[in-house]
Amino acid sequence: MDASLKIVIVDDSPLRTAILEDGLCESGYVNVVRIENTRDLLARIYSIDPDVILIALENPSRDVLEQMFQVSRAVKRPIAMFVDQTDAASIQASVDAGVSAYIVDGLKKERIKSILDLCISRFNAFSRLQTELEQTRSALAERKVIDRAKGILMTVKNLSEDAAYALLRRTAMNENRKIAEVAQSVITAAELFK
Amino acid sequence: MSERRARLRIGFIPLCDAAALIVAADKGFAAAEGLDLDLVREVSWANVRDKLNIGLFDAAHLIAPMAIASSLGLGHVKVPIIAPFGLGVNGNAITVSPALYAAIAAVADGNIVDPRVSARALARVVAHRRARNEEPLTFGMTFPFSTHNYHLRFWMAAGGVDPDEDVRLVVLPPPYMVESLAGGHVDGFCVGAPWNSVAVDLGIGFILHFVCEILARAVEKVLAVRDRWARENPDLLARLVRAHDRAAAFVEDHTNLDEVAEILAAPNRVGVTPEVTRRTLAGHMKVAPDGTTRFDDRYLLVGRNGTSRPDSTQAAWLYAQIVRWGQAPLSAELLDAAKAVFRADLFDAALGAQGAKFAGEPCDGIGAFAGPPFDPNDVKAHLAAWEIKRSFPKSRS
């Protein structure tokens, strides 16, 4: 652990950045700078002069960072991508998680291994969160559709709420479709008959 | 077909020169070879390279110099990559802001469609700006090891502009080029289709040059695979090459122009209007916001005139640029290694030997607008022809 390391996070997802920054802070890395807007990215990185740069793979500005490998008068210290050629699993894990790390050339890999591991686990935690959020959102949307369809059936066919739902479910089973799909058809049909 | 069906994951960047790959996947040419292609749209060349290197992709649409850089271990880990098929020759353009266009036109000593005239004029613009203590001009390109970088450098250096000393060259992701030009963050850029057309359509850029005006035959994108993957899967590779060859022929048949433009335009492919992709494929480019067009049938070649057969002369030319700009030392071993990336033998193995000569192609295989003919066995002579160049820093390994 090396609390003095200066870390830059380049990511335009504020939530994911916050999750990662939190994790780094908990582990004692207090020198963390976030860059969300990638305008003048290189100039900003040069002025921060970080030891480690973490960037989301979905960020097109990765190619901009690659320019740092080139000799340039602007670079104070050469930067290299963190690639441990002996450790294919860690590269795989970082690409799977969707993040990549660049470090100042010459930094020992032990000094940043824990940062990278933490980064990978936080990125993975974020995508789990995102998947759960998506699922919750679509479940909520489906419920709204089913409720509307139930209401239509109750009015048009003079059914109780339970009977309306049972009808939707039976139809879905018979037609081998999802209840929400059948419900959507009911709504569409009702709109056509308006 | 007796061969086993196989599924391949292939990375690409949304650009018109992925046409052969996209058409191979979406028009059934790959399926006819028993291949199911999962095309994965990527946002950066670094992602494409890394995912190819670690085996997440079986193959990729890659800028040709990146395949060489990766095989030579320049700028990144050394992973031998080979190119058994050329996806495109030419196809880039240099676009400048209206202000820079006007400045170049104002000091030109002839027609600026001629790159000799425009490059000399650029040198004058640079000198004027320096005399007035103005900021140096900034040009966008796509990657340190990119054709765009070398095309820009080749053009401006021929006019006496030092690309490292007199102007600033910055890497910009292609989708950011247009807004950077609009916002005044760059004065010009070199990029592939459709981004030059997008800038012209928005009225914020003039296409100054097609790259085919600078180099008649400049390899652009290749189908890239890991050397090891190629060795382990010779049959899959041959099928992949055949599918690409048929797709390229389909793209080049102008009776299919509208259909190909539509296929490329799809949101999960290049994602622009078919009208824009059509312009690139046809070589009928709108070059100025007032609607002026310029035609060149060499604008983008997708297999025509033998352009899909990997050519070691092209690999040598790219290596020569890598050396000229100080990204690698000059050595016979590195030259041989660069040439060995372009695998005409694998192309021939899949498609049968194709020794045909094509009329109208440059004698040296490159056709540069400036300098002596290129000799792929004498990179030293190529470098000796230029005053503006860098030496490889000895302190770096």
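Let me begin with two helices of chain B, α1, residues 19-26, and α12, residues 257-265, which pack at an angle of about 90 degrees, with their axes 10 Å apart. The model is a predicted one. Since angles of 65 to 115 degrees count as roughly perpendicular, that value makes α1(B) roughly perpendicular to α12(B). On the α1(B) side, the contact involves B:Ala19, B:Ile22, B:Val23 and B:Asp26, and these meet B:Val260, B:Ile263 and B:Leu264 in α12(B). By residue class, this contact of α1(B) with α12(B) comprises six nonpolar residues, no polar ones and one charged.

I turn now to the domains of chain B. Domain 1 is assembled from the segments 6-90, 218-271, 305-358 and 371-384, whereas domain 2 takes in 92-214 and 284-295. Between the C-alpha centres of domain 1 and domain 2 of chain B, the separation is 26 Å. How many residues of each domain are in contact with the other? Domain 1 of chain B contributes 20 residues, and these are in contact with 17 residues of domain 2. On the domain 1 side, the elements that give two or more residues are α3, residues 64-72, and α14, residues 312-324, of chain B. Of the elements on that side, α3(B) gives the most, with four residues. The residues on the domain 1 side divide into 14 nonpolar, four polar and two charged.

The next element is helix α2 of chain B, residues 45-53. Is this helix enclosed or open? Eight of its nine residues are buried, so α2(B) is largely enclosed by the rest of the structure. The buried residues are B:Trp45, B:Ala46, B:Asn47, B:Val48, B:Arg49, B:Asp50, B:Leu52 and B:Asn53. After α2(B) comes B:Gly55, with a positive phi near 90 degrees.

Helix α2(B) also brings us to the contact between the chains. That contact takes 23 residues from chain B and 19 residues from chain A. Within chain B, α2 and α7, the latter spanning 174-182, each supply at least two residues of the side that touches chain A. Which element gives the most to that side of chain B? It is α2(B), with five residues. As for composition, the side of chain B that touches chain A divides into 14 nonpolar, six polar and three charged residues.

To close, I would draw attention to α2(B) once more: this helix is largely enclosed by the rest of the structure, and α2(B) gives the most to the side of chain B that touches chain A.

Notes
Residues numbered from 1 in each chain as written. Chains lettered and ligands numbered in written order. Predicted model: local features only at pLDDT ≥ 70, side-chain atom pairs only at ≥ 80, totals over all residues. Axes fitted to C-alpha atoms, helices over the stretch in contact; angles between N-to-C directions. Parallel < 35°, antiparallel > 145°, perpendicular 65-115°, else oblique. Contact = placed C-beta atoms within 7 Å. Nonpolar A, V, L, I, M, F, W, Y, C, P; charged D, E, K, R; others polar. Domains from an automatic or database assignment. Buried ≥ 20, exposed ≤ 12 C-beta atoms within 10 Å, placed from the backbone.
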